[in-house]
Amino acid sequence: MKKGIVTGAQSGIGAACVDRLEREGVEVVSFDLAAGGDYQLDVSDPAAVDATVAQVGPVHILVNSAGIVGPEQTVLVKDRCGVATDLLCQRERGVQPVPGS
């Protein structure tokens, strides 16, 4: 069985991705600031990301869907998404593609 992480998993596109991946038989691990998922954390916090991905282990799929919505926050959305992508995708952070996935 493949395993995937979805950030921003409690609402919107992230929640839709969780639903679809689960229907496809993927073991989904959800990250979100909102309560109710597998891990409640801020993906722009390097220490939180490090600790959480160490618990999750290797994954086949990563969906970066975390973000902030609002007219006053356009620049912040761009910055946060860039930081989150870097933190979750870097090899040294522990989220690496599984060979053959």
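## Exercises on a predicted chain

Phe-31 is buried, its relative accessible area being 1%, where buried stands for under 20%, exposed for over 50% and partly exposed for the range in between, with a 1.4 Å probe and protein chains only. This is a predicted model, in which local features need pLDDT of at least 70 and side-chain atom pairs count only at pLDDT 80 or more, while totals for chains, interfaces and linings use all residues. Residues are numbered from 1 along each chain as its sequence is written, and side-chain values use heavy atoms, with hydrogens and water left out.

**Exercise 1.** Determine the order of the elements along the chain and the share of its residues that is buried.

*Solution.* Begin with the DSSP runs, helices being H or I runs of at least four residues and strands E runs of at least two, numbered from the N terminus. The chain holds three helices and four strands. Read from the N terminus, these elements follow the order β-α-β-β-α-β-α. Turning to accessibility, 30% of the 101 residues in the chain are buried.

**Exercise 2.** Find the aromatic pairs and classify their geometry.

*Solution.* Apply the ring rule, in which the centres of Phe, Tyr or Trp rings (six-membered ring for Trp) must lie within 6.5 Å, with planes under 30 degrees apart stacked, over 60 edge-to-face and the rest tilted. The count comes to one aromatic pair. Since the ring centres of Phe-31 and Tyr-39 are 5.7 Å apart and their planes stand at 80°, the pair is edge-to-face. For the surroundings of the two partners, note that Phe-31 is buried at 1%, whereas Tyr-39 is partly exposed at 23% relative accessibility.

**Exercise 3.** Locate the salt bridge and state the accessibility of both partners.

*Solution.* Search for a side-chain nitrogen of Lys or Arg within 4 Å of a carboxyl oxygen of Asp or Glu. Across the whole structure, this search finds one salt bridge. Arg-20 and Glu-24 form the bridge, with 3.2 Å between the closest N and O atoms. Arg-20 is partly exposed at 47% relative accessibility, while Glu-24 is exposed at 54%.

**Exercise 4.** Name the residues of the negative surface patch and place two of them in their elements.

*Solution.* Take residues with over 30% relative accessible area and no salt bridge, and join like charges within 9 Å. The negative patch on the surface consists of Asp-19, Glu-22, Glu-27 and Asp-38. Asp-19 sits in helix H1, which spans residues 12-23, and is partly exposed at 44% relative accessibility. Glu-27 belongs to strand E2, residues 27-32, and is likewise partly exposed, with a relative accessible area of 38%.

**Exercise 5.** Give the C-alpha separations of Val-18 and Thr-7 and of Gln-40 and Ser-30, together with the setting of Val-18 and Gln-40.

*Solution.* Start with Val-18, which is found in helix H1 and counts as buried at 11% relative accessibility. Its C-alpha atom is 9.5 Å from that of Thr-7, at a sequence separation of 11 residues. Gln-40, in strand E3 (residues 39-40), is exposed with a relative accessible area of 57%. Between Gln-40 and Ser-30, 10 residues apart in sequence, the C-alpha distance is 8.4 Å.

Methods:
Patch = residues over 30% accessible without salt bridge, like charges linked within 9 Å, V, L, I, M, F, W, Y side chains within 5 Å. Areas by Shrake-Rupley, 256 points an atom, 1.4 Å probe, with all protein chains shown as cover. Lys, Arg positive; Asp, Glu negative; His and termini not counted. Charge placed at Lys NZ, Arg CZ, Asp CG, Glu CD.
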